[in-house]
Structure formats: C-alpha cells, structure tokens
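Trainee: I would like a close look at one aromatic residue and the parts around it. Please take me through it step by step.

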Amino acid sequence: MSRRKVMIYVQHLLGIGHIRRASVIAKAVAAAGHDCVFVSGGLPQPDLDLGGARLEQLPPAYCRDERFELLDEAGEPIGEAWKEERRARLLALYEHERPDALLIEQFPFGRRALRFELLPLLDRASADRASGNSPRPRIYGSIRDVLARRFAPDKERWVLETIERYFDAILVHGDPAFIPFGTSFPAADRIKDRLRYTGYVVAGEGPPEGVEPSGEVLVSTGGGTVGGPLMEAALAARKLSPLAEAPWRILAGHGYPEEDFQRLRGKAEEGVIVERARPDFDRLLAACRLSVSLAGYNTTLEVLQTGVPAVLLPYAAGEEGEQLLRARLLAERGLVTLLPPDELSPERLASAIGEAMARGAPAPGRLDCRGAATAASILTGAILAGAS
C-alpha cells in the first residue's frame, strides 16, 4: 500500500484525555509507515508521545472550569483577532500539508466553540474532494464511546446535518458489545451508515512487563486541572481504610494549581507521596495494589487493561455525564467499584476501597482494546471505513 499522509486535529480544554487518545492514534499511523501531522490547539503538554508523528502547535486555548469559556495562553478570553490568527494558521497548515485523510477529534458532537476555524477547514477539504484535486481527502470524525450530555433537538439536528454534509465516517472509539453509541446519542441510527467502531484506544498492547509489585495505593487524577476533592478525600481516607498501613502515592495533574498542589503536599503524612503526574504511570499502575482514580476514558481503560482492583470516581460537574455512565456500566459487570461523585467523603472512599479489595482484580480481555490500530488502518485506507 502506498504511503499516505494523515492530519489529526485535536483540541483539549479541561483535561488531557482528548490529546492523549488522539496521540495514541497518531503514533499508530506513524508506526504503520505513514506520515502523520498532529495539530494541537490546547496548551502544550510535557512528555507527549507521538512516536514518529509530527506535532504542529496552534496558538493554544484552554478552559479553566466547566463553564468552558475559551481562554488564550495568558488566561484571557479569546477575541476576534485571536480567532482570525488561529483560523489562518490552521488553513495555511492544511494547504501546506495536503493530507490524504483528515481526522477531527470530537467535532461536531463537541467543540462547537471552534466552529470559527473548523467549518472553514471542512469547507476547504470538501472543496478539494469535490473538485477532483489530488489528493482528494477523506474526512473522518473521532469520538469516544459515550457523549458527555444529551442534545436539545435543534443541536442534534445541526450535528446530523454537519455529519451528512462533510464526514465520510465517524470513528467511535468503543466496543458496541459493551456500550452502543446510541446509548448516549439516540439519533445514532440516522448516521449508522457512517459509524465505524474501532474498539477502545489504549496506549500499549498490555501491562508493561518486568514490574515488581510496590504494594502502593495509587491515587490519580489525570493530567488536567480537576481532581482536588478526590486528592483531599484520599489524604483523610487512608487512616480509615483497610489499607492504612500500605504506602500511598497521590498524583496531581500538571494543570492542577501549584498553590493547591503545595498545600496538598504539606498535608501528606508519613507513608504518603504527593507528586505531579508521571510519564511512567503505566508502570506505577501495574505495580500498585489498588487504583483510586477519576473515571476518564484513558485512565479507566488503562486500569482495566492492567487488571488491578480499582475505585472509580466519575467527574460529573455541570452537565458532564459521560464518565458516570461508563463507570456505572463497568461496575454492573463487576469490573470496578463505583464511588458516585455526590457521595465523595473520606469515610465513603475508605468503604469503597474495602469493597474493591474484596472484589479483587477484574479478569482481563473483557473489552475490545484494538482501537488505535483499527483507527490507523481506516485512516490510511488499509481497511474500508464502512459501517460496522
């Protein structure tokens, strides 16, 4: 098969789950021997592993909280001049790269605030395809297994019309045997001819080898700005839990405010390490006795792939319901212990830890986790992008 060029666009806002998932796909595209241009619109991330893919950083934007107000790198609300610069940079990048395939993460199901640049990009790629210019790019959407919220009828209509106008296929990074996309998007049947399930996207092909057990309780909150309540509860829950004598390690995201991080460190008792998120998280996870974490897509899949007893606390601020739905379904299958966000307290967390230890480690291999390789094969034309 001829060498192809794939452009992947991703915008992470609060956490880093979107950029991590997209980066795993980019790495798989490059590993298959193709060119991959990875366009990021969020804050630069340390230790981002793209393998052989090439990073192109747009002027960054992020959100401070669940109000999802777009801010520039200096923390100021974005204005029209900023939008014009980003739009021009993105379109110029597309013109320079001329990809065979364009993958846009989350849009149009989310990232509607980025329409000022994404609709012009889609118009440009669609014009190339219609004109017969070479290359004639295929256009793909990229979405996780569960949407964060239900749509009002007018927004749902807009989403469907946008897909029908621009997209060849929507890659759903999940397993329909576990969660069909229609569970969170009731109109899925109207675009079923464009849905392509890839399986779950997980970094690596399994737990790292040669890891010695640490006996730790590993508390993690991803790489973003949230997670303070869980970390505070964990500090107080240790002495109440059945693992009070075990060492505990608490990982705060790099986006978590430094002042709050230092305050947490000052509260840590002997036997508790509080530090920033680490690039060797997979090894820490494989070595730990128990995982306590937020229930983001990436962390949840890594926990399941590693097969350690786990407590999941879904993030559910504002209208966010994606983590809660996935975690509830996993708990119903006996794979994790669910701690609902409105029940978080040191006492309830200690109780959940006891439940997780009694349940033990989940059996591996319960979900299709070949998502990165399947997505790469679709993007590069190795397999067809028809519905599945």
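Is F116 buried or exposed, and what is its relative accessible area?

Mentor: Keep in mind that this is a predicted model. F116 is buried, with a relative accessible area of 14%. The cut-off for buried is under 20%, so F116 qualifies at 14%.

Now look for its partner. The whole structure holds 8 aromatic pairs. One of them joins F116 to W82. Their ring centres are 6.4 Å apart, and the planes make an angle of 65 degrees. That pair is edge-to-face. W82 belongs to helix α2, residues 80-97, while F116 belongs to helix α3, residues 115-131. The two parts are 34 residues apart in sequence, so the pair ties them together. W82 is buried as well, at a relative accessible area of 13%.

Compare a second pair, F151 and F185. The centres of these rings are 5.9 Å apart and the planes stand at 70 degrees, so this pair too is edge-to-face. Here both partners sit in loops. F151 is in the loop between β7 (138-144) and α4 (153-166), and F185 is in the loop between β8 (169-173) and β9 (195-197). This pair therefore ties together parts 34 residues apart in sequence. Both rings are buried: F151 has a relative accessible area of 16%, and F185 has 1%. Ring pairs also extend from here. They link F109, F151, F181 and F185 into a cluster.

Go back to helix α3, the home of F116. S126 is in α3 too. S126 is buried, with a relative accessible area of 15%. Set aside its neighbours within four places in sequence, and S126 is in contact with I139 and Y166.

Next, the loop between β6 (101-105) and α3. P108 lies in it. The peptide bond from F107 to P108 is cis, with omega near 10 degrees. R111 is found in this loop as well. R111 is not a glycine, yet its phi is positive, about 60 degrees. R111 counts as buried at 13% relative accessibility. Then there is R112. Its charged end sits over the ring of W158, 4.6 Å from the ring centre. R276 offers another case of this kind: its charged end sits over the ring of F261, 4.2 Å from the centre.

Now follow α2, which carries W82. The loop between β5 (71-72) and α2 holds G75. G75 is buried, with a relative accessible area of 14%. Beyond its neighbours within four places in sequence, G75 is in contact with Y62 and R64. For a sense of distance, take G75 and I19. They are 56 residues apart in sequence, and their C-alpha atoms are 20 Å apart in space. In the other loop, between α2 and β6, sits R98. R98 also has a positive phi, about 45 degrees, without being a glycine. R98 counts as partly exposed, at 25% relative accessibility.

For contrast, try a helix elsewhere. Helix α10 covers residues 346-359. Its 14 residues should span 20 Å at 1.5 Å a residue, and its end C-alpha atoms are 20 Å apart, which agrees. Its buried residues are L349, A350, A352, I353 and A356. Down the axis of α10 these fall within an arc of 160 degrees, so they line one face. The exposed residues E347 and A358 are on the face turned away from that buried side. The buried residues of α10 pack against several elements, among them α5 (228-237) and β11 (248-252). After α10 comes G360, with a positive phi near 85 degrees. As for α5, 7 of its 10 residues are buried, so α5 is largely enclosed by the rest of the structure. Those buried residues include L230, M231 and L235.

Last, the cysteines. The structure holds 0 disulfides. Take C369: the closest cysteine sulfur, in C288, is 17 Å from its own, too far for a bond. C369 is partly exposed, with a relative accessible area of 28%. C63, by contrast, is buried at 1%.

Technical notes: Residues numbered from 1 in each chain as written. Predicted model: local features only at pLDDT ≥ 70, side-chain atom pairs only at ≥ 80, totals over all residues. Heavy atoms only, no water. Helix = DSSP H or I, 4+ residues; strand = E, 2+ residues; numbered from the N terminus. Expected span 1.5 Å × (residues − 1). Buried < 20%, exposed > 50% of the residue type's maximum accessible area, 1.4 Å probe, protein only. Arc of directions from axis to C-beta. Contact = heavy atoms within 4.5 Å. Phe/Tyr/Trp six-rings, centres within 6.5 Å; stacked < 30°, edge-to-face > 60°. Lys NZ or Arg CZ within 6 Å of the ring centre and 35° of its normal. Disulfide = S-S within 2.5 Å.
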